[in-house]
Amino acid sequence: MAAKTLTIDDKHLSAEEGATLLQAAKEAGITLPTLCHLEGIYDVGACRLCLVEVKGLTKLVPACTTRVAEGMEVLTNSERLRKYRRMTLELLFAERNHICAVCVANGHCELQTLAYSLGMDHVRYEYRTPRWGVDHTHRLFGMDHNRCVLCSRCVRACWHVEGAGTKNVSGRGARAHIITDLNQPWGEADSCTACGKCVQACPTGALFHKGATVGEMVRDRHRLEFLVTARQKKEWITD
Amino acid sequence: MATRILIDPVTRIEGHAKISLFVDDAGNVEDAEFHVVEFRGFEKFCEGRPYTEMPGITPRICGICPVSHLLASAKAGDAIMAVEIPPAADKLRRLMNLAQFVQSHALSFFHLSAPDFLLGWDTPQAQRNVFGLIGANKALARAGIRLRQFGQEIIEILGGRKIHPAWAVPGGVRSPLTPEGRERIRHWLPEAQATVQTAFTLWEQTLATHQRELETFGNFPSLFMGLVAEDGTWEHHGGKLRFTDSHGRVIADQIDAGNYPTVIGESVQTSSYLKSPYYLPLGFPAGIYRVGPLARLNVCSQMGVPRADAELVKFKRLGQGAVTSSFLYHYARLIEILAALEYIERYLEDDELLSSELRADAGINNRRGVGVSEAPRGTLFHDYTVDRNGLLQKVNLIVATGQNNLAMNRTVAQIARHYIQGRGKIPEQLLNRVEHGIRCYDPCLSCSTHAVGRMPLHVQLIGPDHTILDEVTRGDDAPLPAAAPGAAT
């Protein structure tokens with residue numbers, strides 16, 4: 001496979017053809033904030049936190065879904081980007097009801113970690129405080145829409161790792177939300193195998209093990225990565 | 001022409017409140033009302049949440065007694081799951097509650113109330129606070145602060161943090177006592193015990209010189225309620241409810257937490273966000289009862305630990321049948337600190353607290369669960385109703401301060417009647433006595449304290465037509481008036 005040469009933040013580097021800017025940046029030791037990206041699952045560019053500037057393009061592009069190209073000049077940490085990232089993050093917080101202090105994911109939440117790392121000490125937008133409910137019908141897991149950021153990691157894990165296809169996104173705009181099967185209570189979704197991969201994939205406290213209390217949702221992301229790698233390398237197939 | 005004197009806010013209590021005094025034409029106080037002006041809304045916004053989250057949410061009601069809500073909430077969860085929690089978990093919860101008693105009672109006694117009776121009622125208000133106490137007796141103030149810290153440290157050792165530990169859960173607790181934690185507590189215990197002895201000595205001197213306060217600070221017949229063990233021993237976390245009357249007679253006993261609606265009614269008044277519970281068989285307001293240290297010591301027959309039992313005998317001699325003066329809440333608080341330290345000492349010898357079998361697991365087996373636990377201020381009820389999936393449909397919280405609401409009204413009225421008679425101008429020192437009537441109960445209005453600094457005071461003179469005839473405001477930022485009174489008639 002041909003290699004492409006490009007610069008990221010004035011750093012000259014080469015990356016494999018077909019690699020994303022996010023992968024190239026990571027290999028070069030440059031960290032980008034991400035939320036909808038999850039190792040082992042394909043990217044959709046939903047959260048817009050990994051936006052970068054590419055010379056010659058007026059629009060900002062998500063690093064997770066943009067492929068490297070020869071001679072690309074990329075900036076990942078400009079004043080403009082910092083401004084937008086902070087704004088995006090604040091909008092995520094303002095959109096639903098994120099109350100870290102009493103959340104099952106407190107201390108283990110990617111949204112919370114991003115807020116700390118990007119120095120978000122307050123939200124400039126008015127909180128929408130929507131009235132979302134909690135789906136507590138499943139035997140093992142709960143889904144709290146109040147804490148959902150619509151990253152769709154659970155949907156992708158469900159369809160493309162487990163292959164069950166239980167989870168989906170319904171509605172548009174502020175009404176968009178995660179559903180199970182044909183918008184049935186999770187406990188009544190026949191396709192769900194109760195594998196828990198969606199719970200492992202969730203970056204916030206939106207999906208949780210029932211009975212978990214404050215800060216108890218510690219996830220092991222490597223399990224998903226392990227499953228995907230094993231499948232790609234056919235580690236489970238013997239002659 | 002009747003007038004109303006307003007004390008707003010009441011200071012050196014935990015939260016925001018004001019007092020109205022209604023004065024008749026002759027200048028005598030006719031009645032008094034204690035208003036809690038905070039609105040919190042926990043009962044409403046918790047609806048729809050999983051019950052398992054409640055021990056994480058409800059402690060946020062308060063930064064002083066989060067442990068009380070934590071434990072009552074976890075117990076309500078136990079009841080919904082219909083489980084008996086592992087014995088080690090029960091002991092650990094008790095240890096944390098005892099630590100909570102120590103820290104909260106120390107705060108009430110040393111930081112909030114002692115400046116009044118140790119420094120003197122007529123001390124200039126700028127000094128009548130914990131800093132004044134430090135100036136007058138540094139060693140004592142330090143010991144008091146350290147005693148509170150001791151309780152806080154135990155809470156941190158068990159729950160990982162001093163305030164709002166999310167440690168107790170439906171079915172048990174999340175982590176045990178560690179051997180290192182146990183040694184830290186053991187090392188500090190003698191100092192805490194010595195501080196309580198000092199406090200008892202001070203209290204004896206105080207009592208000898210405060211007979212007038214003893215007679216007039218909320219000294220009236222009422223019922224008393226608290227948890228007791230089956231044999232009548234003082235309880236703080238387990239046990240069942242007992243009511244006694246002002247003669248010390250038991251009028252209701254061994255009532256299960258879940259049956260509280262058969263003995264407690266709740267009245268809502270327009271003048272306050274605080275509900276006013278009453279003893280149902282006697283009706284409102286005749287069913288007035290008190291909770292908290294004074295009530296717990298009145299309803300129990302023994303403390304169950306030797307040194308506190310010896311003090312309890314002395315305490316009971318101060319009343320006939322029951323001890324009815326609310327000024328003695330302070331004394332009762334000291335006895336409870338002593339008892340808590342003795343129980344903590346016992347737990348240090350119990351290896352079961354190091355156990356790792358701490359959490360029972362179960363689904364939804366009851367649609368309703370009531371958790372009752374003694375908070376430092378009095379009996380606390382958490383009453384949850386859930387749907388079949390464990391989401392809350394109804395939440396009812398009955399807090400200690402609410403149960404003392406009627407008694408606090410009567411106390412401030414009694415003090416005001418005694419000290420405020422036919423005066424044109426009312427000195428601030430007299431109004432402070434009225435406020436102290438509230439401090440006796442150590443009410444927890446679930447917010448920050450005003451323990452430090454100048455007393456922000458807002459007094460209005462309101463005529464029968466609701467016009468403000470006179471008004472004096474002294475806030476945190478306003479300069480202190482040169483002459484003493486910050487009050488007007």
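This passage walks through a predicted model of a complex, from its confidence scores down to single residues.

To start with confidence, the predictor hands the complex an ipTM of 0.88 and a pTM of 0.88. Chain B has an average pLDDT of 86, and 87% of its residues score at least 70. Two stretches of chain B fall well short of that mark: pLDDT is below 50 over residues 446-464, and it stays under 50 over residues 466-489. The model still places contacts there, with 69 beyond near neighbours in sequence for residues 446-464 and 51 beyond four places in sequence for residues 466-489. Where pLDDT is low, though, the predicted coordinates are not something to read in detail.

Chains A and B meet through 11 residues of chain A and 14 residues of chain B. On the chain A side, the touching residues split into four nonpolar and seven polar, with no charged ones.

Taken by itself, chain A holds six helices and 10 strands. Its C-alpha atoms fill a box of roughly 60 × 55 × 30 Å along the principal axes. How does the radius of gyration of chain A fit that of a compact globule? A compact globule of 239 residues would come in near 18 Å, and chain A has 19 Å, so the two agree. Of those 239 residues, 41% count as buried. Among the contacts in chain A with a separation of 6 or more, 64% link residues 24 or more positions apart.

One sheet in chain A deserves a closer look. Five strands line up as β2-β1-β5-β3-β4 in an open sheet with mixed pairing. Strands β2 (11-16) and β4 (61-62) of chain A stand at the edges with a single partner strand each, so one side of each has no neighbour in the sheet. Further in, β3 (residues 51-54) and β5 (residues 73-75) of chain A run antiparallel and are joined by two bridges. Here A:Glu53 sits opposite A:Leu75 of β5(A). Helix α2 (residues 79-95) of chain A packs on this sheet and touches both β3 and β5, with its direction at about 155 degrees to that of β3(A).

Over in chain B, strands β13 (residues 378-386) and β14 (residues 392-398) also run antiparallel, joined by six bridges. B:Tyr384 faces B:Val395 of β14(B) across the pair. The two strands, β13(B) and β14(B), make a hairpin with five residues between them, and B:Gly390 in the turn has a positive phi of about 90 degrees.

A few backbone details round things off. Most residues other than glycine have a negative phi, and most peptide bonds are trans. Against that background, A:Asp9 has a positive phi of about 50 degrees without being a glycine. A:Asp9 lies in the loop between β1 (3-8) and β2 of chain A, and it counts as partly exposed because it has 14 C-beta neighbours inside 10 Å. A:Thr129, not a glycine either, has a positive phi of about 35 degrees. This residue is in the loop between α3 (110-117) and β6 (134-135) of chain A. Is A:Thr129 buried or exposed? With 11 C-beta neighbours inside 10 Å, A:Thr129 counts as exposed. In chain B, a cis peptide bond links B:Phe284 to B:Pro285, with omega at about 0 degrees. B:Pro285 belongs to the loop between β10 (276-279) and β11 (289-290) of chain B.

Definitions and conventions:
Residues numbered from 1 in each chain as written. Chains lettered and ligands numbered in written order. Predicted model: local features only at pLDDT ≥ 70, side-chain atom pairs only at ≥ 80, totals over all residues. Contact = placed C-beta atoms within 7 Å. Nonpolar A, V, L, I, M, F, W, Y, C, P; charged D, E, K, R; others polar. Helix = DSSP H or I, 4+ residues; strand = E, 2+ residues; numbered from the N terminus. Rg over C-alpha atoms; globule rule 2.2 N^0.38 Å. Buried ≥ 20, exposed ≤ 12 C-beta atoms within 10 Å, placed from the backbone. pLDDT = per-residue confidence, 0-100. Pairing = 2+ DSSP bridges. Axes fitted to C-alpha atoms, helices over the stretch in contact; angles between N-to-C directions.
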